[in-house]
Amino acid sequence: MDQKKQTLTASNIRYLITLRTLDCETGIRCTDIAQALGFSKPSVHEMMKTLRKKGLVEMAKCGTVFLTEDGRALAERHIVYFDAVRDYLQRELALPPEDSIHAACALITEVSDESIESMYKQISIIS
C-alpha cells in the first residue's frame with residue numbers, strides 16, 4: 001500500500017496514534033481504546049471496521065485489534081508530527097490539552113507532507 005496516497009481523516013489519525021500508543025503483542029481491546037479516547041465502544045467498533053477496510057488494522061475473533069504493518073508505519077510517521085504540533089499548541093498558544101489534540105490531528109491531515117515537515121522543523125528549532 002502506498003502510504004502517500006492513503007487518505008486519512010483527523011479521526012483516523014487520532015485512532016492510529018492511540019492504537020500505536022496502546023500497541024502490544026497480545027493486541028488491543030476495544031474497551032481499552034474507548035477508555036483511552038473517551039469514546040463509546042460502539043464508536044470504536046465502527047472506526048475499527050473503517051481502519052480494517054483501509055488495511056491498517058486486523059481484528060481477531062475475540063475482538064482484539066492489531067495494527068498491520070502499514071497501520072504501524074502510518075501511525076509512527078504521524079505520531080512524530082502530532083506530538084510536536086500538539087506540544088507547540090499547548091506551550092506557545094496555551095490551548096487546553098483536548099483542543100490541542102483535535103487541532104494537531106486536523107492540521108497534520110489537512111496540510112501537505114512538505115508543509116508539515118517544514119512546520120515540524122521550525123517547531124523543533126523553537127523547542
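Two helix axes count as roughly perpendicular when the angle between them is 65 to 115 degrees. In this predicted model, the axes of helix H1 and helix H3 cross at roughly 95°, so the two helices are roughly perpendicular to each other. Helix H1 also gives the largest share of the lining of the second largest pocket, and its Tyr 15 belongs to an aromatic pair.

**Helices H1 and H3**

- Two packed helices are described by the angle between their axes and the distance between the axes.
- Helix H1 covers residues 10-22 and helix H3 covers residues 41-53, and their axes come within 11 Å.
- On the H1 side, the contact is made by Ser 11, Asn 12, Tyr 15 and Leu 19.
- On the H3 side, these residues meet Ser 43, Val 44, Met 47, Met 48, Thr 50 and Leu 51.
- Six residues of this contact are nonpolar, four are polar and none is charged.

**The second largest pocket**

- Rolling a probe the size of a water molecule over the atoms shows where empty space is left.
- The volume of the second largest pocket is about 170 Å³.
- Its lining includes Arg 14, Ile 17, Thr 18, Thr 21 and Leu 22, and H1 supplies five residues in total.
- Also in the lining are Ala 36, Leu 37, Ile 79, Phe 82, Asp 83, Arg 86 and Ile 101.
- Two or more lining residues come from each of H1, helix H2 (30-37) and helix H4 (69-93).
- By class, the lining has seven nonpolar, two polar and three charged residues.

**Aromatic pairs**

- The structure holds two aromatic pairs.
- One of them joins Tyr 15 and Phe 39, whose ring centres are 5.8 Å apart, with 40° between the planes, a tilted arrangement.
- Tyr 15 sits in helix H1 and Phe 39 in the loop between H2 and H3, so that this pair links parts of the chain 24 residues apart.

Terms used: Residues numbered from 1 in each chain as written. Predicted model: local features only at pLDDT ≥ 70, side-chain atom pairs only at ≥ 80, totals over all residues. Heavy atoms only, no water. Axes fitted to C-alpha atoms, helices over the stretch in contact; angles between N-to-C directions. Helix = DSSP H or I, 4+ residues; strand = E, 2+ residues; numbered from the N terminus. Parallel < 35°, antiparallel > 145°, perpendicular 65-115°, else oblique. Contact = heavy atoms within 4.5 Å. Nonpolar A, V, L, I, M, F, W, Y, C, P; charged D, E, K, R; others polar. 1 Å grid on protein atoms, 1.4 Å probe; cavity = no way out; pocket = protein on both sides within 12 Å on 5 of 7 lines; lining within 4 Å. Points joined across faces, edges and corners; volume = space filled by probe spheres on them. Phe/Tyr/Trp six-rings, centres within 6.5 Å; stacked < 30°, edge-to-face > 60°.
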